[in-house]
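Here are my notes from a read through this model, written as numbered points. Keep the structure open next to them as you go.

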Amino acid sequence: MAAVTSTWSPRNRRSPQGPAIADDTGARWILKRNCCLTPRQLLCMYAALCVVSFGIGLGFWVMGARLVLPFAWLEMAGVGLALWMYARHALDRESIVIDGGRVEVEQEVAGRVSRVTFDAAHVRIGQSGGATALIELAASGREVIVGRHVRAQHRAQLAEELRAALRGPYGQG
């Protein structure tokens, strides 16, 4: 699996202990993959690649090399499968909102969206496994894991920012 980064970074924060986005409505972190191509752009690129590959295969077919075209089909099927798997996760994201005594975590993975809401007064934030581990938010017997799209070396800093926001004005009801 390819390494991913997030739109969150230590440089785009508003204050030393503040969230990535903060305003009068609360604190919000949007964590997503750093993908250079959208699924639509990927489809266009794949279509162009197919036209070139099948054009070359067809040219060899006409000249009598009958096996080039079947291998071009096989090659494009393999490339298509790999690009389909990439495109399914290109828009994956995590959103964490702390506002008015609530913590709302929304995760989108392969087009499926899940949303969990916690009472901010009871949320525990932890990292079992060291500073590079994923971040666990837990309360009332429910747990959600976040930080998949944040570089491992920045996860501890993100966890500390979440804790600070919970202690601050956004976590208070």
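1. Let's start with Leu-42. With a relative accessible area of 5%, Leu-42 is buried, because anything under 20% falls in that class. Keep in mind while reading that this is a predicted model.

2. Where does Leu-42 sit, and what does it touch? Leu-42 belongs to helix 1. Setting aside neighbours within four places in sequence, its contacts are Leu-37, Leu-83, Tyr-86 and Ala-87. Take Tyr-86: it is 44 residues from Leu-42 in sequence, yet the two C-alpha atoms are 9.3 Å apart in space.

3. Leu-42 is also part of a wider helix-to-helix contact. Helix 1 covers residues 39–62 and helix 2 covers residues 68–89; the two pack at an angle of about 170 degrees, and their axes are 9 Å apart. Angles over 145 degrees count as roughly antiparallel, so helix 1 is roughly antiparallel to helix 2.

4. Which residues make up that contact? From helix 1, they include Leu-42, Met-45, Tyr-46, Leu-49, Phe-54 and Trp-61. From helix 2, they include Val-68, Trp-73, Met-76, Val-79, Leu-83 and Tyr-86. Sorted by class, the contact of helix 1 with helix 2 has 20 nonpolar, 3 polar and 1 charged residues. Glu-75 of helix 2 is on the contact list, and so is Gly-57 of helix 1.

5. Have a look at Trp-61 too, one of the helix 1 residues that meet helix 2. Arg-66 lies over the face of Trp-61, 4.8 Å from the ring centre. As for ring-to-ring pairs, the count comes to 1 aromatic pair.

6. Now over to Ile-135, which is found in strand 7 (residues 135–139). Is Ile-135 buried or exposed? Its relative accessibility is 0%, so Ile-135 counts as buried.

7. What surrounds Ile-135? Not counting residues up to four places away in sequence, Ile-135 touches Ile-125, Gly-126 and Gln-127, then Val-144, Ile-145 and Val-146, and further along Arg-155, Leu-158, Ala-159 and Leu-162. Gly-147 is worth a glance as well: Ile-135 and Gly-147 are 12 residues apart in sequence, with their C-alpha atoms 5.9 Å apart in space.

8. Two loop residues deserve a check of their backbone angles. Ala-110 is not a glycine, but its phi is positive, at about 55 degrees. Ala-110 is placed in the loop between strand 4 (102–109) and strand 5 (112–119). Its relative accessible area is 25%, which makes Ala-110 partly exposed.

9. The other one is Ser-140, a residue other than glycine with a positive phi near 55 degrees. Ser-140 is in the loop between strand 7 and strand 8 (142–146). At 66% relative accessibility, Ser-140 counts as exposed, since the cut-off for that class is over 50%.

10. Finally, the overall picture. The protein has 3 helices and 8 strands, and along the sequence they follow the pattern β-β-α-α-β-β-β-β-β-β-α. Of its 173 residues, 36% are buried. Among contacts with a separation of 6 or more, 53% are between residues 24 or more positions apart. The pair Leu-42 and Tyr-86, at 44 residues apart in sequence, shows what a long separation looks like here.

Definitions and conventions
Residues numbered from 1 in each chain as written. Predicted model: local features only at pLDDT ≥ 70, side-chain atom pairs only at ≥ 80, totals over all residues. Heavy atoms only, no water. Phe/Tyr/Trp six-rings, centres within 6.5 Å; stacked < 30°, edge-to-face > 60°. Lys NZ or Arg CZ within 6 Å of the ring centre and 35° of its normal. Axes fitted to C-alpha atoms, helices over the stretch in contact; angles between N-to-C directions. Helix = DSSP H or I, 4+ residues; strand = E, 2+ residues; numbered from the N terminus. Parallel < 35°, antiparallel > 145°, perpendicular 65-115°, else oblique. Contact = heavy atoms within 4.5 Å. Nonpolar A, V, L, I, M, F, W, Y, C, P; charged D, E, K, R; others polar. Buried < 20%, exposed > 50% of the residue type's maximum accessible area, 1.4 Å probe, protein only.
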